[in-house]
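Please take me through this model stop by stop. Tell me what to select next and what is there.

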Amino acid sequence: MGGLVKEVSKDRIKVNLHGRLGVITVPRYLIISDEDLYIGHEMEFYFSYIQVVEDPYDYDSSDMKTDHEITPCLLGGNITQVNDTAIEVKIMNDLGTIAVPRRWAFTPVTLEEGQYVEFYFSCMRVIGKRDIPA
Amino acid sequence: MSITQETLQHHLKDPAIFCCRREKGLIISAADLEDPGLFEDMQEAGLLTLSSNGLRIEQVIGSTLLTDVEALTPITSDVLDKVNKVEESAKENVSEALQKIETAPEVKSRVGGNGMIHIEIGKAEKFEGLKLDVPVFAGVAPAAPSEVAQKSGEKKVIHNLVKKHIKISDVKLGKKTSIKDGVITINKDIVNSAVTKDILCKSLKLDIIYPNERHLYTETIMDVCPIATKVQGELGEGITKVADGVVFMLTGVDEDGVQVHEFGSSQGYLDEKMYFGHPGCADENDIIIRCHAIIQRLSGMTRPGPFAAHKCQDYIIQEIRDELKEYEGEVVREEICEDVRRAGNPRVVLIKEIMGQGAMHDNVICPIEPCGVLGGQKNVDCGNVPMILTPNQVRDGSIHALTCIGPATKEMTRHYIREPLVEGLAADDELDLVGVIFVGSPQVNDEKLWVSERLGSMLESLDLDGVIITTEGFGNNHIDFIQHIGQAGKRGIPVVGVSFCAYQGQLVVGNEYATAMVEENMDKGGFENDIAGCSCVTVEVAARAIQMLKNRMAGVEVKPAEKKWNNDVINANNKILGLPETKLVESGTLH
């Protein structure tokens, strides 16, 4: 999956997924980069569809580290917002938030706030820079 | 993972590889062999290296091992007491699919038919992250003489529709809306009354973009909508006038400047953000009337918010439609559309799965005016149940798309009024196009299944010989897409699926009937990119799908081919049918 950095704050960055497929906000410590982060940086990472689960596992985020190549990690989270377009998910262990269109979510039940979800995710790696209007 | 006897029979001509360490004295059986379906993944992961000296499964079954052999090691003759004799001609069949891909013209001439396409997109067991490999098959197979071609159904015209394309050479903003001498003048103050048509719409702005001025910044492209109006009859019959050389383009943000249905960066320079010439897009020489809407804060992700922008734009278009009704300008093209029955020919329907999860995942069906909003019903409000329209109703603008979110794969309003599959199937005198079914894609899995079962009953009642099923974009809609294919398949109806899958949209489910598929992707990396209308049903996609359906109906076997999406396969198929090459767009998305 690829995305474009749209906001940079002291401790978080906001990444717009290519193809208008979502917005992800993550802590800066999940980013692999040799340089300072700016708006327009291109990111690469793993990210799967989101599955609503009724019985969540004991997910382990210990592999979300930047000292090795990015690898997918099965994570959990909770739906914090549902609207006609999208859901927003708070990732476990304060690893950020994900907003994706409803068709990105697979669910056996009607979407509601508070539901458990699982998905694969990884750290992000900077792979380039694009000049975009502020 | 060892294989079963049944699997073994399907892979007799594949390489023989031990699944686990095996010791001297073992008599080799299916339980000792690795599943050939996993070889490609294993090779890519560096777990397996095939050997040119390796034997095939049929050559090793029942042989005795002379020495210990490690797991995932090709079995060679020097470790066996004997090698089974097999006919060498069989080896050619093993790589048949690949050979056909590479030598498509020869395949065609060898069978002497009209060429057959097989593109298979297999199922993925589970999405393990978007960068993992999930089976996507593609391939080409020879054509068989089609019974379809031998029948000649008697043509009976049910409805006639004439679409008069009226030349528009310029568009201006002025004091009064009018059309004169090919020039549309739009009352620039109309935005003030249009904005009052929905309380959620806070402001509207119009500007004119000429073909040579497209390198300008644009907010998210919500929709591209033609200007068309009825002058005689209802949708699907009579006479419709279509303004030629001009389209509306709707863009939008909310009061905070947040892009409507904000989901990533799609705004940018117009010349880089639209695939001009594709069915849903502006054409190369079209003048674009940009209607930019600002809607109420935080309403961009609700159903009423984006709809307000569409509704208010439609008010403006209606004023132009009213002028177009009376305008007797130059007719650059008169398009005769016929709803026909061709009794005796194979009865087919086109099924278009449209988004139905809410907000812009919705469509307005059968408005009063072509491509309009007023008078139509939203498929979400209708429960996403299947609805059948005549081909002419579709070609007369019965669908106003509130448009799915992905720029590249969404089918915008203009797409439907000139949908290549509808055009292709309707024009094909070897087929009897019974109708076009629209079925929504709900959110929840159970609802998807419920809707799909209703579709199945409808298909059964129509006594069909073949169906083509398309879906818009990818995601959870692939669940019902595959279900729909199953509903047709289990009733014995030959079925072809059409979708964007490629790399990013690989199928997450499958069934035994989902064996013939056509790929829509035109992105080099196989991703949903930011170019509006890039990876949709095109004329080429439609031609491949129709030919594939004919071959399926003729009973030609579909053979699995490559596991991963490969554009070479698509181009081999294009070549067979004499279609132009599918050139992928470099959008910077590489895997």
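Select Val348(B) and Gly466(B): Gly466(B), in β20(B), is the bridge partner of Val348(B). Now widen the view to strand β14 (residues 347–355) of chain B, which runs parallel to β20(B) and is joined to it by six bridges. Strands here are DSSP runs of E, at least two residues, and helices are runs of H or I, at least four residues; both are numbered from the N terminus. Two strands pair if DSSP finds at least two bridges between them.

This is a predicted model: local features need pLDDT of at least 70, side-chain atom pairs count only at pLDDT 80 or more, and totals for chains, interfaces and linings use all residues. Residues are numbered from 1 along each chain as its sequence is written, and chains are lettered from A and ligands numbered from 1 in the order in which they are written.

Next, select strand β21 (residues 495–499) of chain B. β21(B) pairs with β20(B) in the parallel sense, over four bridges. Val495(B) in β21(B) stands opposite Val467(B). Trace the connection: from β20(B) the chain crosses through helix α15 (residues 477–489) of chain B to β21(B), a right-handed β-α-β crossover. Right-handed means that, with the strands pointing away from the viewer, the path from the first strand over the helix to the second runs clockwise.

Stay on β20(B), residues 466–471. Why is this strand largely enclosed by the rest of the structure? Because six of its six residues are buried. A residue is buried if 20 or more other C-beta atoms, placed from the backbone, lie within 10 Å of its own; it is exposed at 12 or fewer and partly exposed in between. Colour the two faces: Gly466(B), Ile468(B) and Thr470(B) point one way, and Val467(B), Ile469(B) and Thr471(B) the other way.

Now select the largest nonpolar core. It has 169 residues, and Val467(B), Ile468(B) and Ala545(B) touch the most other members. The largest share of this core, nine residues, comes from α10(B). Such a core is a set of buried Ala, Val, Leu, Ile, Met, Phe, Trp, Tyr and Cys residues joined through C-beta atoms within 7 Å. In soluble globular proteins, nonpolar side chains tend to be buried together.

Centre on Ala545(B). Neighbours within four places in sequence aside, Ala545(B) is in contact with Leu421(B), Ile468(B), Val496(B), Val498(B) and Val518(B). Contact means C-beta atoms, placed from the backbone, within 7 Å. A second, separate core of 14 residues includes Leu8(B), Leu65(B), Ile75(B) and Leu80(B).

Move to helix α10 (residues 304–326) of chain B and pick Gln313(B). Is Gln313(B) buried or exposed? Gln313(B) is buried, because 29 other C-beta atoms lie within 10 Å. Beyond four places in sequence, Gln313(B) is in contact with Phe248(B), Leu250(B), Cys291(B) and Ala293(B).

Jump to an open sheet of three strands in chain B. The order is β16-β15-β18, with antiparallel pairing. The edge strands, β16 (377–378) and β18 (399–401), each pair on one side only. Three bridges join β15(B), residues 363–365, to β18(B). Check Ile365(B), which stands opposite Ile399(B).

Finally, show both chains. The contact takes 39 residues from chain B and 34 residues from chain A.

Notes
Two residues are in contact if their C-beta atoms, placed from the backbone, lie within 7 Å.
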